[in-house]
Amino acid sequence: MPDLTAVKTALKAQRIETPSWAFGNTGTRFKVFAQPGVPRTPQEKVADAAQVHKFTGVAPSVAVHIPWDKVDDYGELAAFAADAGIAIGTVNANVFQDDDYKLGSVANPDPAVRRKALDHLLECVDIMDATGSRDLKLWFADGTNYPGQDDIRARQDRLAEALHTVYQRLGPDQRMLLEYKLFEPSFYTTDVPDWGTSLLHCLALGPQAAVVVDTGHHAPGTNIEFIVAILLRAGRLGGFDFNSRFYADDDLMVGAADPFQLFRILREVTAASALGPEAGIAFMLDQCHNIEPKIPAQIRSVMNVQEATAKALITDAEALATAQRSGDVLRANAALMDAYNTDVRPLLAGLREDMGLDPDPVAAYHRSGYGEKIIADRIGGTPAGWGS
Ligand code: RM4
Ligand code: MN
């Protein structure tokens, strides 16, 4: 049986990063339902993210998205975050919302547009210097809609050239995380559609480049834990963008649609001893909360990742390995299912008490009055959303 003290130690050391954009008004391309009390500034987003950490104890950083979180002084934003008890985490570049990027950003056939996109990516590294962030996360909407629209290989060359320039600009402790997505907004070709393409670029760049697995960016039925295992084996799993999907890039709360898949993914991570900070895997959320209140939804999401992690950690690895070695298919499967079917909520409640936290973070948040306070305080100004 797994050593429960070691399981608890690993769970206490777990780090999950929240995304600043989850606190703003975001949703689908059909309608964004505005909520009262949402942040109007990057500082207010940071303050909301700090609440998630306050009640869970395992979400000590918030990712920013540039220019949505543009401020005059990023050092000041980092200091503001530190005062609130958290840090600024991953810097996300945005080269997908400008009219110039109609035919792509770094893979655009027009060199002037490519230069503009590249300058933005380099600016993001400047921001990382100021905030002390380790990771630059890149997701490109680049691609084509029609056969013949552009040269597929030439686009890869342009992409590789831009990535190379940004890579050269990284400091020794900084990393580039390259995300992939099967389709959307481009429908015929996407320049970084899958983990293989991302990995090829990362391998060509060097050891500071790694792949990000956004759980919503695959074809239905894709075996994501297999991809995770392959990337772990190659030493190129940079991190996760966790969310849930029923159909495409739904950006729902992680663990809501398919908690078993989340368990299987985290089982690969824990089996490879890659949960701790020394493994360098960034566990990030990338979600939108269109109809549900945002801060409790983020707290719930962090708890869902924790629950899947706890189940992965309590897996009887010895029983599993013995069954696997002897070719006992049913016992092997049962060893995994026993862990998955264990109710880890009492374990996590106890863990929170050990950490000086309320055993029920969502209830504690609701009791705190923070939700009512931001609704009363945040009157006037422009609520944050896609684009700010
Ligand atoms: C993209 C991608 C990125 C995220 C944006 C908001 O689809 O998943 O990671 O930064 O959405
Ligand atoms: Mn993502």
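The following exchange concerns pockets, a helix and backbone features in a predicted model.

Q: What is the volume of the largest pocket?
A: The largest pocket has a volume of about 1100 Å³.

Q: Which residues are the closest to its centre?
A: Lys181, Glu184, Asp249, Asp251 and Trp386 are the closest to the centre of the largest pocket, out of 35 residues that line it.

Q: And which elements give two or more residues to that lining?
A: Strand 3 (87-93) and strand 4 (135-138) do so for the largest pocket.

Q: How do the residues of that lining divide into nonpolar, polar and charged?
A: The lining of the largest pocket has 16 nonpolar, 7 polar and 12 charged residues.

Q: Now the second largest pocket: what is its volume, and which residues are the closest to its centre?
A: Its volume is about 390 Å³. Of the 24 residues in the lining of the second largest pocket, Arg15, Glu17, Ser61, Arg134 and Ala282 are the closest to the centre.

Q: Which element gives the most to that lining?
A: Strand 3 does, with 4 residues. Strand 10 (282-285) also supplies at least two residues to the lining of the second largest pocket.

Q: How does the lining of the second largest pocket divide?
A: There are 11 nonpolar, 9 polar and 4 charged residues in the lining of the second largest pocket.

Q: Back to Asp251, is it buried or exposed?
A: Asp251 is buried, as its relative accessible area is 12%, and the cut-off for buried is under 20%. The residue lies in the loop between strand 9 (237-242) and helix 8 (259-271).

Q: What about the phi of Asp251?
A: Phi of Asp251 is positive, at about 60°, although the residue is not a glycine. For context, most residues other than glycine have a negative phi.

Q: Which residue in the loop between helix 8 and strand 10 has a phi near 50°?
A: That is Ser273, which lies in the loop between helix 8 and strand 10 and has a positive phi near 50°. Ser273 is exposed, with a relative accessible area of 60%.

Q: Changing topic, where are the cis peptide bonds at Pro67 and Pro185?
A: One cis peptide bond joins Ile66 and Pro67, with omega about 15°. Pro67 lies in the loop between strand 2 (61-66) and helix 3 (74-84). Another cis bond runs from Glu184 to Pro185, with omega near 10°. Pro185 is located in the loop between strand 6 (175-179) and strand 7 (189-190).

Q: Moving to helix 13 (residues 361-368), which residues are buried there?
A: Pro361, Val362, Ala364 and Tyr365 are buried in helix 13. These residues are on the same side of helix 13, because they cover an arc of only 165° around the axis.

Q: What covers those buried residues?
A: The cover includes helix 2 (42-56), helix 9, helix 12 (345-354) and helix 14 (370-377).

Q: What is the phi of Gly369, just after helix 13?
A: Gly369 takes a positive phi of about 85°.

Q: Helix 9 was mentioned; is Gln298 buried or exposed?
A: Gln298 is buried, with a relative accessible area of 0%. Gln298 is part of helix 9, which covers residues 294-313.

Q: What does Gln298 touch?
A: Leaving aside residues up to four places away in sequence, Gln298 touches Thr18, Pro19, Ala22, Phe23, Val52, Leu285, Gln287 and His289.

Conventions:
Residues numbered from 1 in each chain as written. Chains lettered and ligands numbered in written order. Predicted model: local features only at pLDDT ≥ 70, side-chain atom pairs only at ≥ 80, totals over all residues. Heavy atoms only, no water. Buried < 20%, exposed > 50% of the residue type's maximum accessible area, 1.4 Å probe, protein only. Contact = heavy atoms within 4.5 Å. Arc of directions from axis to C-beta. 1 Å grid on protein atoms, 1.4 Å probe; cavity = no way out; pocket = protein on both sides within 12 Å on 5 of 7 lines; lining within 4 Å. Points joined across faces, edges and corners; volume = space filled by probe spheres on them. Nonpolar A, V, L, I, M, F, W, Y, C, P; charged D, E, K, R; others polar.
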